[in-house]
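Here are some worked exercises to try with the model open in your viewer. Have a go at each task before you read its solution.

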Amino acid sequence: MNEVSLGRVRIAVVEGAAPDGAGDDLRVSQHRTRAGEAYLRVSCPLSDPLAVPELLRQLADQGALPSDRTAELLARGITGLVAQACADYMDRDQDSPRPARSSGLARRAMLQRIKHFARSRLADPELKPEMLAQHHHISLRYLQKLFQEHGQSPASWIRDERLHRCCAELRDPRLAHLTIAMIGERSGLYGASHFSRLFRDRYGISPREYRRDHARLTDAA
């Protein structure tokens, strides 16, 4: 058995068949060599967050550059880990007494996750700031802070996104058969009068006038 230690990680090449199982800190990979069957046994203290970064540094120091395919897989894995690490940090209780260390990048990543989630559920009348905070395991106060950094509140952003989608659907000739109320409901704005009032406050005209004026411009073109 040939074995090498790279910092906290131990890598062994063992001839013969791979063992049936692996422990929490053990990863096994089967390979065929010129001498026959062999397996790689990689032991890594998974509970130690510094083990993998140290392994990567050791590999780089020794010139163990990966192939293009391996480099691509490595890049995908690392970027996914970084994104998850940021998400895990942001998902923690932001009202705890721990010092706030989240970077602007992490906050933006969290905000984009929240917006993506919200846009996929605009039709849900239950979509509210409280729902967003609960789903992403952060406090409502921290959610408001994320949006305030961009000059908005969660509630106003949800409303504007709903109205923006309504505008797009009012312009869509394929949806001309839908009533104004139905257009509003498709984006979570229930009640024709309520929808029309919000639309007029935002754009200065009613949804019906907006649809009619756009249809005229389209016909004229």
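**Exercise 1: a loop residue**

Task: decide whether histidine 137 is buried or exposed, and say where it is found.

Solution. Start with accessibility: histidine 137 has a relative accessibility of 55%. The cut-off for exposed is over 50%, so histidine 137 counts as exposed. Keep in mind that this is a predicted model. Next, the location: histidine 137 sits in the loop between α4 and α5. Finally, check the backbone: its phi is near 60 degrees, a positive value in a residue other than glycine.

**Exercise 2: the overall layout**

Task: work out how many helices and strands the chain has, and in what order the elements run.

Solution. Count first: the chain has nine helices and four strands. Then walk from the N terminus, and the order reads β-β-β-β-α-α-α-α-α-α-α-α-α. For burial, take the 221 residues of the chain: 30% of them count as buried. For contact range, look at contacts between residues at least 6 apart in sequence; 48% of these join residues at least 24 apart.

**Exercise 3: the cores**

Task: find which residues have the most contacts inside the largest nonpolar core, and which helices supply at least two residues each.

Solution. The largest nonpolar core has 16 residues. Those with the most contacts inside it are Ile114, Leu127, Leu132, Ile138, Leu143, Leu146 and Phe147. Now go helix by helix: α3 (104-119), α4 (129-135), α5 (140-148) and α6 (154-171) each supply at least two residues of this core. Of these, α3 gives the most, with five residues. There is also a second, separate core of 13 residues, and Leu163, Cys167, Leu170 and Tyr210 are among its members.

**Exercise 4: isoleucine 114 and leucine 146**

Task: say how far apart isoleucine 114 and leucine 146 are in sequence and in space, and which residues isoleucine 114 touches.

Solution. Place the two residues: isoleucine 114 is in helix α3, and leucine 146 is in helix α5. Check burial next. Isoleucine 114 has 0% relative accessibility and counts as buried; leucine 146 is buried too, with a relative accessible area of 1%. Along the chain they are 32 residues apart, while their C-alpha atoms are 10.0 Å apart in space. Leaving out residues up to four places away in sequence, isoleucine 114 touches Leu132, His136, Ile138, Leu143, Leu146 and Phe147.

**Exercise 5: how α3 meets α5**

Task: classify the crossing of α3 and α5, then say which residues of α5 are buried.

Solution. Two packed helices are described by the angle between their axes and the distance between the axes. Here the axes of α3 and α5 come within 10 Å and cross at roughly 100 degrees. Angles of 65 to 115 degrees count as roughly perpendicular, so α3 and α5 are roughly perpendicular to each other.

Now list who meets whom: Arg107, Met110, Leu111, Ile114 and Lys115 come from α3, and Tyr142, Leu143, Leu146 and Phe147 from α5. By class, this contact has seven nonpolar, no polar and two charged residues.

For burial in α5, the answer is Tyr142, Leu143, Leu146 and Phe147. Looking down the axis of α5, its buried residues fall within an arc of 140 degrees, so they line one face of the helix. The face turned away from that buried side carries the exposed residues Arg141 and Gln148.

**Exercise 6: how α6 meets α8**

Task: repeat the crossing analysis for α6 and α8, then decide whether glutamate 161 is buried or exposed.

Solution. The axes of α6 and helix α8 (residues 192-203) come within 11 Å and cross at roughly 95 degrees. That makes α6 roughly perpendicular to α8. From α6, the contact uses Arg159, Asp160, Leu163, His164, Cys166, Cys167 and Leu170; from α8, it uses Phe195, Leu198, Phe199, Arg202 and Tyr203. Sorted by class, these residues are eight nonpolar, one polar and three charged.

Glutamate 161 also has its place in α6. Its relative accessible area is 17%, and so glutamate 161 is buried. Setting aside neighbours within four places in sequence, glutamate 161 is in contact with Arg119 and Leu122.

Terms used. Residues numbered from 1 in each chain as written. Predicted model: local features only at pLDDT ≥ 70, side-chain atom pairs only at ≥ 80, totals over all residues. Heavy atoms only, no water. Core = buried A, V, L, I, M, F, W, Y, C linked by side-chain atoms within 4.5 Å. Buried < 20%, exposed > 50% of the residue type's maximum accessible area, 1.4 Å probe, protein only. Axes fitted to C-alpha atoms, helices over the stretch in contact; angles between N-to-C directions. Parallel < 35°, antiparallel > 145°, perpendicular 65-115°, else oblique. Contact = heavy atoms within 4.5 Å. Nonpolar A, V, L, I, M, F, W, Y, C, P; charged D, E, K, R; others polar. Arc of directions from axis to C-beta.
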